[in-house]
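Hello,

Here is the model I promised to pass on. Please open it next to this message and follow along.

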Amino acid sequence: MIKRAQQPQLFTPELKGWSLWLSRHNASSWLVMALILPFFLYYWFSYSQQIAREQQEIFQQHADALELNLKQRLQHFEFLLGSGMAFVSSSEQVTQAEWQRFVSGLDLDKHYSGIQAFGLVNYRSGKDIAALEQQIRADGVTDFTVHPAGERPFYAVVTHIQPQNNKNSAVLGYDMLTNPLRQRTAMRAASLGTIAVTPRILLAQDGSNAVEPGLVLVQPVYKAGALLQSAEQKMKALQGFVYAAFRVNDMMTRLWHNAHTELDFSWYSSAQQAPSDLLYQRQFGQQQGQVFAMHKELEWYGQPFWLQIRSNDRFVKNYLPVANYWLLFFLLLMMLLLFAVLSRVNLRRYHAELLQQELQQQLHAQYQQLIANEQRQALALKASQLAWFEFDLSTGDAFYSDNWWKLFGFATAQQHPTEQTMLDLLLPSERDIFRHDVQRILASGPEQFSQRYQFMHRQGQILSVLMQCQLLRDADGSALRLSGALLDQTQQVSQSEQQQQLMRLCQFEIASTVASCQLLVQQDPVVASYQLAHLHWLSQQFCQMVSGAESLPTLPVRLDFTALMPKLLKALSPVAAGNQQRLEWRLSQSPYGLTGYEGVWWQLCSDLMFLAMSLAQSNSCIMVGMDFYPGIISWQAELEVDAEQTANFLATQTNTAMLDGPSTESNDRYCALLAAKHWAAVLGAELNIKHEQQKLWFYLTVRQQ
């Protein structure tokens, strides 16, 4: 029988209501509040600081993305100048018609937004100006005159310009050295041998009433074979420039059209950031409340620029995280409730036994809830397919889940597993690293760590596994258990390596195409222009690989191999002649054609022909033909080879380490073979190689569309 306690003294008539709550009898409750309140305030402050840091990091990420997009756009124009310089360097004298055909193939309006002019500048002394005017007039520009008028020791005259329109026609004959900004930029580019860009400038195409700011990029062109070690040698060998002029507003409008950000952005060409130096400015919203701002000084192509990036109300609303104080409010409410409960306990001591019974019931309910939570956790781990384990550091026992055994190819769990079971599956080079990591966390922490290791599957393949571990210690700090979960990331690592391999193969393709362009310029300009267009296609593919973007959709082209293959064989004939080889095409007539990407078919066949010429013997013939069967089309190449050399090459096909080695004849063959297999897979074709003694056959089979 429970005996009711006597009424304690605190319930005297003198202390009632709030007097009891504020009396010394409730001192323990106030003490608890005094201990908890600092922790609450510290958490409140830390949470606010964390939100502020996250907001600053997100703003920094968007600001860096803006800078990167702008830099990539300028690099796009850099590639344009590089193609123009390659075209000019490969020709002794570029005519107006040749320049027009070359620029028309680049499709400036589609690929280079904002560009107003793409042209050539001839650098001549004063005594050669009259001859230059006669030369350009003889080339079809009958009213060509160098302007502004006046005698000067040297001239940098615009002699070729595209696209052809009234504004650009007025620029023909313009001497760039008469403008101080253009003169400094051109001379800097010539003396350094690199691309240079002007500061903010008004384009000559816009005339005297020009208001829109623009930029001009120039790249010097030197005499072939000239020595270019010093600035004096470069100026002496200077022939002229390739330049591109564009309006900044037009370029930036398309650049930011699909940008997933709403930051305010200003671009200046001087440190003063005056209105006269403003190149571009956009504003999406109003600058209210907390404003994030960033000022960057950048140097692109020898010209300093300043970027001013600011946040606004739209950016803050759409991108920045907002502090969620509901949890803090809930904690504060819990503190008040705790204070009320403690006060209630202190002021009503005679309910102690009743509260004890209620507490026992609560403990029992919590215990049942704990059991239910453990069951839910076990089911969640099983459903997540995570391979988890646990080491008992005091006894040396180990436990591995069913998914752990399945990950490494075990049909069932092994009896009496230990820590050594996991060590045996690690690669020998990874075991010491794993031991060192475990010893480090046992000695000084942290209690959690994540690391990727390589394991050996029972069937022999290597697995790249991410291990996340948690260490449990007792009250004295001694380690009790080490738990962890394994996540197989082999596929992700393999995909990353494949992407890098494709990028290296694309670099090889571009290098080989550039080499063939240099051979074809003097041999056959028509085929050379087709090869230059194909080089532009390859450059686009490489840029997409570098940026991680997906391939642009391209309409399939109906191919006629009776027209495509002669072009290809004509393009490769100089290389074959240098190897004392003959290329023959067995003409086939058929109502069927091939549907696919023209650039991919060209590159696939050129890679196979390059491989064939590198393996074929001197004074031999490489026979290329095509046969048509019901439902399929077969392309073949037959050649005479050295049996031992070819056998060694085919035996090392799977040596992927050759990709990272220096460029050698063997490595180039291997890269060409890998590239051909890649393009064949893109087109859904099947590539087979047959070797018998002195003969080698390439078979490329594709189904008819």
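Below are my notes on confidence, a sheet, a strand, a helix and some aromatic pairs.

First, the ground rules. This is a predicted model, in which local features need pLDDT of at least 70 and side-chain atom pairs count only at pLDDT 80 or more, while totals for chains, interfaces and linings use all residues. Residues are numbered from 1 along each chain as its sequence is written, and side-chain values use heavy atoms, with hydrogens and water left out.

**Confidence**

The mean pLDDT (the predictor's confidence in each residue, from 0 to 100) is 78 for the chain, and 78% of the residues score at least 70. Helices (H or I, at least four residues) and strands (E, at least two) are DSSP runs, numbered from the N terminus. Among these elements, strand S2 (residues 154-162) has the highest mean pLDDT, 93, and strand S16 (residues 557-559) the lowest, 61. Please be aware of residues 1-14, where the pLDDT is below 50; beyond near neighbours in sequence, this stretch has 10 contacts in the model (contact means heavy atoms within 4.5 Å).

**A sheet of 5 strands**

Strands pair if DSSP finds at least two bridges between them. One open sheet, with mixed pairing, has the strand order S17-S19-S20-S22-S21. At its edges stand S17 (582-586) and S21 (686-692), each with a single partner strand, so one side of each has no neighbour in the sheet. S21 pairs with S22 (residues 695-703) in the antiparallel sense over 7 bridges, and Lys690 stands opposite Trp697 in S22. Helix H20 (residues 643-651) packs on the sheet and touches S21 and S22, its direction making about 140° with that of S21. For that angle, axes are lines fitted to C-alpha atoms, for helices over the stretch in contact, and angles run from 0 to 180 degrees between N-to-C directions.

**Strand S7**

In strand S7 (residues 264-268), 5 of its 5 residues are buried (under 20% relative accessible area; exposed is over 50%, partly exposed in between, with a 1.4 Å probe and protein chains only). Asp264, Ser266 and Tyr268 point one way, and Phe265 and Trp267 the other. S7 runs antiparallel to S10 (residues 303-310), joined by 5 bridges, with Asp264 opposite Arg310. S7 is also antiparallel to S8 (residues 278-282), through 4 bridges, and here Trp267 stands opposite Tyr280.

**Helix H3**

The buried residues of H3 (residues 96-106) are Gln96, Trp99, Phe102, Val103 and Leu106. Seen down the helix axis, they fall within an arc of 130°, so they line one face; the arc is that of the directions from the helix axis to the C-beta atoms. Arg101, Ser104 and Gly105 are exposed on the other side.

**Aromatic pairs**

Rings of Phe, Tyr and Trp (its six-membered ring) pair if their centres lie within 6.5 Å; planes under 30 degrees apart count as stacked, over 60 as edge-to-face and the rest as tilted. By this rule there are 22 aromatic pairs. Phe87 and Phe102 are stacked, because their ring centres are 4.4 Å apart and their planes at 10°. This pair links helix H2 (residues 27-89), which holds Phe87, to H3, which holds Phe102. Phe265 and Tyr280 form a tilted pair, with centres 6.3 Å apart and planes at 45°. Phe265 has a relative accessible area of 0% and Tyr280 one of 11%.

Best wishes
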